[in-house]
Each structure stands twice: as structure tokens, then as C-alpha cells.
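Got the model open? Let's go through some of the labels and check what earns each of them.

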Amino acid sequence: MTTANPAGTPGHRTGGDVTGQRTRRLSTETKSALKTTEFFVYIASVIAVLIASMLVGTEEGHTDYFRADKAWLYIVILTVGYMISRGLAKSGSRDHYDGS
């Protein structure tokens, strides 16, 4: 029989009928995107940009400094940053679990 320690590496074999099978190790890449704080920060940032764009407007004789096209550019930049951060998170970490 093969025993495994909590770290997941195979331990010593004890006497008896040994088949040589190891516990199969499975993994997911990372947590679901909806469970991360970076997702909520991204959503809050997008909402903040949209609200700021709506509140900053044309006033008496002044031009609109934060037009919709600039707001959407910032949202695209935030989206690209979020996608890069998720890609980096997925490329380097593994969440291990044992298959049954």
C-alpha cells in the first residue's frame, strides 16, 4: 500500500500486496475569476471611470475635459491590465487536489 503525506509526495511503502499504483494528482489553474479581489477592483474601477465621465461635463464656457471617448479608452486600458493580471496568475500557480 502506498501512503502519501499531506504535502502530496509519496511516502514509504508498507508490507503486503503492493500494486505500484500512485495517487493520481490533479490540479486546476487558479481560482475562478469571480472569486478574486482583482475582479471586484476591476469592476469598481470601471464604474468609477463611467461615473467620473458622467459628472465631469461642459460648464459655462468650459470644454468637456473627460469625454466619453476618453472614458472608454481608460476602460479598455483597465480591461487589458485585468486580462494580463489573470494571465500571469494562471501561468504560475496551481491549486492541487487528489483524484479519487
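Q: What makes Y82 count as buried in this predicted model?
A: Its relative accessibility comes out at 14%. The cut-off for buried is under 20%, so Y82 counts as buried.

Q: Why is the pair of Y42 and Y82 called stacked?
A: Look at the ring planes: the angle between them is 20 degrees, and the centres are 4.9 Å apart. Rings pair if their centres lie within 6.5 Å, and planes under 30 degrees apart count as stacked, so Y42 and Y82 pass both tests.

Q: Which parts of the chain does the pair of Y42 and Y82 tie together?
A: Y42 sits in helix 1 and Y82 in helix 2, so the pair bridges parts 40 residues apart in sequence.

Q: How do you know whether Y42 is buried or exposed?
A: Check the relative accessibility again: Y42 has 16%. Buried means under 20%, so Y42 counts as buried.

Q: And what makes the pair of F39 and Y82 tilted?
A: Here the planes are 55 degrees apart, with 6.3 Å from centre to centre. The distance is within the 6.5 Å limit, while the angle is neither under 30 degrees nor over 60, so the label is tilted. F39 lies in helix 1 and Y82 in helix 2, so this pair links parts 43 residues apart in sequence.

Q: How many aromatic pairs does the whole structure have, and which residues do ring pairs link into a cluster?
A: The search finds 4 aromatic pairs. The cluster joined by ring pairs holds F39, F40, Y42 and Y82.

Q: What does F39 contact, leaving aside its neighbours within four places in sequence?
A: F39 touches A33, L34 and Y82.

Q: Which residues make up the largest nonpolar core?
A: There are 8 residues in it: F39, Y42, V46, V49, F66, A71, I75 and Y82. Helix 1 and helix 2 are the elements that give two or more residues to this core, and helix 1 has the largest share, with 4 residues. As a general backdrop, nonpolar side chains tend to be buried together in soluble globular proteins.

Q: Now for the charged side chains: why is the link between E38 and R86 called a salt bridge?
A: The closest N and O atoms of E38 and R86 are 3.3 Å apart. The limit for an Arg nitrogen and a Glu carboxyl oxygen is 4 Å, so the pair qualifies. E38 is in helix 1 (residues 37-55) and R86 is in helix 2 (residues 68-92), 48 residues apart.

Q: What makes the side chains of R86 and E38 a polar contact as well?
A: The contact is 3.3 Å, and the cut-off is within 3.5 Å, so the distance fits.

Q: Are E38 and R86 buried or exposed?
A: R86 has a relative accessible area of 9%, so it is buried by the under 20% rule. E38 has 27%, which puts it between 20% and 50%, so E38 is partly exposed.

Q: How many salt bridges does the structure hold, and how do you know that D69 and R67 form one?
A: The structure holds 2 salt bridges. For D69 and R67, the N to O distance is 2.8 Å, which is within 4 Å, so the pair qualifies. D69 is partly exposed at 47%, and R67 is partly exposed at 46%.

Conventions
Residues are numbered from 1 along each chain as its sequence is written. This is a predicted model: local features need pLDDT of at least 70, side-chain atom pairs count only at pLDDT 80 or more; totals for chains, interfaces and linings use all residues. Side-chain values use heavy atoms; hydrogens and water are left out. Buried means under 20% relative accessible area, exposed over 50%, partly exposed in between (1.4 Å probe, protein chains only). A polar contact is a pair of N or O atoms within 3.5 Å; within protein, one must be able to donate a hydrogen and the other to accept it, and residues adjacent in sequence count only if both atoms are side-chain atoms. A nonpolar core is a set of buried Ala, Val, Leu, Ile, Met, Phe, Trp, Tyr and Cys residues joined through side-chain atoms within 4.5 Å. Contact means heavy atoms within 4.5 Å. Rings of Phe, Tyr and Trp (its six-membered ring) pair if their centres lie within 6.5 Å; planes under 30 degrees apart count as stacked, over 60 as edge-to-face and the rest as tilted.
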